[in-house]
Amino acid sequence: MSKKQNVKGCKILTDEELEELIEEATVDCYDESECLSGFAVMKEENLEFPFVAKVIGEEVIVTGVTEGKDNILAECERKGKKYNIDILDIEFTSLVKGSEWIDAYKKWKG
């Protein structure tokens, strides 16, 4: 049962539970590109947007997700400007419904 907690109080998922989420996101996928799309869909459907997070120590508002060439990007806003940041580079500052999908994606990316 090794999974690092993103935020104090978050439910800690076991490796088995993370594997189940990975399977759910990638069940009908034939290649890495399709798997990436599967994770993007699961995050869009399960993460509760918008939420506050930090990127390199600066607070941002995460408003959605989009697919990059070989990663999933968090659509962020800060001081009226919009940025797309690798979703693995965001730091949760509070509990966010659906954040377990980011943990599953991180495990899948290895």
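The expected span of a helix is 1.5 Å times one less than its number of residues, and this tour of a predicted model puts that rule to use at its opening stop.

**Helix 1, end to end.** Select residues 15–26, which form helix 1, and show the C-alpha atoms at its two ends: for 12 residues the expected span is 16 Å, and the end atoms are indeed 16 Å apart, so the two values agree.

**The two faces of helix 1.** Within that selection, colour L18, L21, I22, A25 and T26, which are the buried residues of helix 1. They cover an arc of only 120° around the axis, which means that they lie on the same side of the helix. An α-helix has 3.6 residues a turn, so residues three or four places apart point the same way. Now add E16 and E20, two exposed residues carried on the face that is turned away from the buried side. To see what the buried residues pack against, select helix 2 (32–46) and helix 3 (100–109).

**T26.** Stay in helix 1 and centre the view on T26, which counts as buried because its relative accessibility is 14%, where the cut-off for burial is under 20%. A polar atom of the T26 side chain lies 2.7 Å from the backbone oxygen of I22. Leaving aside residues up to four places away in sequence, T26 touches C35, F39 and W108.

**The largest nonpolar core.** Select next F39, F51, V62, I72, I87 and I90, which touch the most other members among the 27 residues of this core. At least two residues of the core come from each of helix 1, helix 2, strand 1 (51–55), strand 2 (58–67), strand 3 (72–78) and helix 3. In soluble globular proteins, nonpolar side chains tend to be buried together. From this group, pick I72 and display its contacts beyond four places in sequence, among them L36, F39, A40 and K43, then V65 and T66, and also I85, D86, I87 and Y105.

**The whole chain.** Finally, zoom out to the full protein chain, which has three helices and five strands arranged along the sequence in the pattern α-α-β-β-β-β-β-α. The radius of gyration is 14 Å, close to the 13 Å given by the globule rule for 110 residues, so the chain is as compact as a globular protein of that length. Along its principal axes the C-alpha trace spans about 40 × 30 × 20 Å, and buried residues make up 38% of the 110 residues. Of the contacts between residues at least 6 apart in sequence, 48% join residues at least 24 apart.

Notes. Residues numbered from 1 in each chain as written. Predicted model: local features only at pLDDT ≥ 70, side-chain atom pairs only at ≥ 80, totals over all residues. Heavy atoms only, no water. Helix = DSSP H or I, 4+ residues; strand = E, 2+ residues; numbered from the N terminus. Buried < 20%, exposed > 50% of the residue type's maximum accessible area, 1.4 Å probe, protein only. Arc of directions from axis to C-beta. Contact = heavy atoms within 4.5 Å. Polar contact = N/O pair within 3.5 Å; in protein donor to acceptor, adjacent residues only side chain to side chain. Core = buried A, V, L, I, M, F, W, Y, C linked by side-chain atoms within 4.5 Å. Rg over C-alpha atoms; globule rule 2.2 N^0.38 Å.
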